[in-house]
Amino acid sequence: MKKLDFILAFCFLPSAFCLLNAQVKNRTYINDPLLAPREHVVDFQHLKLEVAFDPQKKSVNGKVTHYFTPLRQKVDSIVLNGINMDINEVVLNGKPTKFRSDSEMVVIYTPSLVWEQKDSMTITYEATPRKGLYFIGWNDKTEICRKQIWSQGQGIDNRNWIPMYDEMNDKITTEMVVTFDTAYKVLSNGKMLDKKINKNGTYTWHYKMEHPYAPYLIMLGIGKYEIKETKSASGVPMHLYYYPEWKDRVETTYMLSEKMVDFYEKEIGVPYPWGSYSQIPVQDFMYGAMENTTATLYGDFFFVDKRAGLDRSYFSVNAHELAHQWFGDFVTARSDAHHWLQESFATYYNWLFEREYIGENHFDWTRREAQNGALNESIKNKYPVAHSEAGSVRHYPKGAFTLNMLKYVLGGREVYNKCIKHYLDQHPYGNVDTEDLLIACEEITGMQLDWFFEEWIYKGGEPNYKVSFRDITENTGEKNASHYSEFIVQQIQEQSDVTGLPQSGKSKTNTVSTDAFVQGGDTSAPAPAGLWKMPIWFEVHYTDGTIEKKQVWIEKQTEMVRISVPAGKKIDFALFDPDNEVMKSVSFTKSFDMLKSQALKAESVLDRYDALVAMEAINIERKRDFLVSFYNTSAKTDFQLIKGEIIKQLFRDDNKQSVGVMKAALTDPDVKVRKSVLDNLKFLPEELLPDVEKLLKDSSYAVIVNVLDYLAFTNPDKITFYLEQTKDIEGAPGRNVKIKWLESAAMTNEKYIDQLVSYTSNTYEFRTRINAIGSLKKLNYLNDSEIEYLVEAMLSANTRLANPATDALKFFYEQLHYKRSIVNYVEAKKWKPWEERIIKQVVK
């Protein structure tokens, strides 16, 4: 781990105030090689691409024209990104000019440029990209596979099929002119200006963008589609693409799409910033979806009917990608170090939309999952959110949780929304970095927020609190007896220069007994190095239903917080940071009676859940009656998370009451509750076997797969019955039920092997192939056809297919009776150098 140490001394306030309050900030950050944006000598303003394809050869024939203005007085050459391209000609301002190219770039010599004068250059080229542009299905010998062409530009992959300045810090407008077969539809960014028929039986499609956006968001999608045309309440035209044979899935897949636009326009305070919005599913997409400006492209495995949607749907991803049209497209990070400004915001706003339509419990649990992920990631390293190597756990959910904490610190939704609107209004169609967000928040609120950005965004890690609680009565028996509750809070995380706040000589009292935290108090006081500083709520709940609350700044190694107990009140339970507003680890030992009260009465589902989790170490004989009664009678168990924790703690108990809970859970209307039973199948009481068998007809495909797998292994004598129950079910995209059925059937009859092998071929989309590869690996079966399919999959640019195919080939290669067959296949074919490099990773 490399660290960059430096000292900054600065002040932005009037000089007299600065003299009194200036501080030297000692900052130690983890070095980020992508902190600064790439230099460029010209300002690219517009890109026009005229392009055609040879799908069988997976090749591109293009002519791209760049319009630009020199940024420097002397520019003798321009460097463009272009991977393994054949450049035929470069024309600069109407005249051919010299150039050179290699496997990574194209250098154009520009001796005649005039500073600040608009110029243009046109490049005619050919390319056969392995990344950036993908040709799907054109080499399928069976003609079953869909035939598509689609692009994926993020992070810097559009350079594989367009010679261009492929960085996010220079925004451009674009035109895309595409010539292709009339049997297919073509989608690109912006408005379709024209579609004309050509004499050779092709169409030429012309799309244009009016506002600038980052080059990695240039997109292309070609395939056979129908389109549902709709509008948001504010009139935004929406074009929802779908496969003609999947029309029955349109409503489920695109549910609430129009309302998402309406919600974001209201919540963000900025109208949808583009002229229209399209969404298009594609086969074999290697991620979930991509927020290309005006045209989101997503994996067709999300295009599901209502039944498959029980296990996996497009809903959350849909909301996430739409939010990117503001955060990532309208404003774009200036460099990779600030990537969180795109993904964290999109994640947070899809959380907010889900809260609106799914509920508060779902929102709270989503935050908890984000916290769990961040804490686990910090075990590996302490990268901050604002770092190019932070990873998806920090760029997405941790950053989203951090935005929710920022809202909490700012004082709530209204103030936060005003800050975000100001942030966007100041940088329309521009580039931003984290300081721009900080400045926007400070300009709106007048608050000094450097400490928050320092500990939560520029530094890594999370606080770890150890909390204890006492109910104290002093001077017992006297008329003036004092009765109060006392919290002791210790920060016990490992202290480091790259976590928490920097060292300061300033200190505050360890004991807090004021009535309440006041927004706008001394929020600028730094904490010691490696410690966190946050305002945290403390609550004491009394048996009569009343509550005492206090918000206190917790920033020292050890803090004591006291809350007076009114006369006649009896403490029921106590909460530290109710509803988990602050990301943290926390240990807080409580009595069983206090935990029971918290589980029954706490308002937040997270506090109720935490009380149940804390009961895990309690003997089953002591807690059984409470857990069973809580599951069966309490309205507080309406969320699957609560039921799931109770099931987990009762599952190994063979008492009739506990078994009764399991039996009820197996028929719970919430599929997540049923799944929580299946997560513990290895402890299943024999008397519940008939109830489990009934789940072979469950509405959830994932439940059927798990149950069939379990029953086929534990009860092989009834395999024929189980297969009969599930024989006509294909399952979700990826054929999960069908492939599990074939795997189970093949255990007793090898005639089903051939169909499994065929599912590993490029006739099928990658999820089906992955499932079939996994089943054949489990069966330890390999033949010559499968070797061919595995090697082809291993060479795929889609790592979600290539990685499991590679693992499977390694698995078989390590077995002597398969090794010779694999070697013979590889040696019998002629491979391209890049193919040979990949194959040699397995076949030595």
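What follows is a conversation between a student and a tutor about a predicted model.

Student: Let's start with rings. How many aromatic pairs does a search of the whole structure find?

Tutor: The search turns up 61 aromatic pairs. One of them is Phe-301 with Phe-766, at 5.9 Å centre to centre and 85 degrees between the planes.

Student: Why is the pair of Phe-301 and Phe-766 called edge-to-face?

Tutor: Ring centres must lie within 6.5 Å to pair, and planes over 60 degrees apart count as edge-to-face. With centres 5.9 Å apart and planes at 85 degrees, Phe-301 and Phe-766 are therefore an edge-to-face pair.

Student: Where do Phe-301 and Phe-766 sit along the chain?

Tutor: Phe-301 is in the loop between strand 22 (295-299) and helix 4 (315-324), while Phe-766 is in helix 22 (residues 766-779). They are 465 residues apart, and the pair links distant parts of the chain.

Student: Are Phe-301 and Phe-766 buried or exposed?

Tutor: Buried means under 20% relative accessible area. Phe-301 comes in at 4%, so it is buried. Phe-766 has 2%, so it counts as buried too.

Student: What makes Phe-327 and Phe-345 a stacked pair?

Tutor: Stacked calls for planes under 30 degrees apart. The planes of Phe-327 and Phe-345 are at 20 degrees and the ring centres 4.7 Å apart, so this pair is stacked.

Student: Which parts does the pair of Phe-327 and Phe-345 tie together?

Tutor: Phe-327 lies in the loop between helix 4 and strand 23 (332-333), and Phe-345 in helix 5 (residues 340-357), so the pair ties together parts that are 18 residues apart in sequence. Phe-327 and Phe-345 are both buried.

Student: Which residues have the most contacts inside the largest nonpolar core?

Tutor: Phe-345 again, along with Phe-53 and Tyr-349; this core has 189 residues. Helix 5 gives the most to it, with 9 residues. As for Phe-53, its contacts beyond neighbours within four places in sequence include Leu-133, Phe-135, Ile-149 and Phe-180. Apart from the largest core lies another, of 59 residues, Leu-688 and Val-692 among them.

Student: How do you know that Lys-195 lies over the face of Tyr-203?

Tutor: The charge has to be within 6 Å of the ring centre and within 35 degrees of the ring normal. Lys-195 lies over the face of Tyr-203 at 4.6 Å from the ring centre. Lys-643 lies over the face of Tyr-631, at 5.7 Å.

Student: Why is Cys-419 not bonded to Cys-441?

Tutor: The cut-off for the sulfur atoms is within 2.5 Å. The closest cysteine sulfur to that of Cys-419 is in Cys-441, 4.2 Å away, so that is too far for a bond. The disulfide count comes to 0. At 0% relative accessibility, Cys-419 counts as buried.

Student: What makes Lys-682 exposed?

Tutor: Exposed means over 50%, and Lys-682 has a relative accessible area of 71%, so it qualifies. Lys-682 is found in the loop between helix 16 (671-678) and helix 17 (689-693). Its C-alpha atom is separated by 9.6 Å from that of Arg-652, 30 residues apart along the chain.

Student: Last one: in the sheet with the order 18-19-20-22-21, what makes strand 18 and strand 21 the edge strands?

Tutor: Strand 18 (226-231) and strand 21 (289-290) each pair on one side only. The sheet is open, with 5 strands and mixed pairing. Strand 18 pairs with strand 19 (residues 237-242) in the antiparallel sense over 6 bridges, and Glu-229 has His-239 as its bridge partner in strand 19.

Technical notes. Residues numbered from 1 in each chain as written. Predicted model: local features only at pLDDT ≥ 70, side-chain atom pairs only at ≥ 80, totals over all residues. Heavy atoms only, no water. Pairing = 2+ DSSP bridges. Helix = DSSP H or I, 4+ residues; strand = E, 2+ residues; numbered from the N terminus. Phe/Tyr/Trp six-rings, centres within 6.5 Å; stacked < 30°, edge-to-face > 60°. Buried < 20%, exposed > 50% of the residue type's maximum accessible area, 1.4 Å probe, protein only. Core = buried A, V, L, I, M, F, W, Y, C linked by side-chain atoms within 4.5 Å. Contact = heavy atoms within 4.5 Å.
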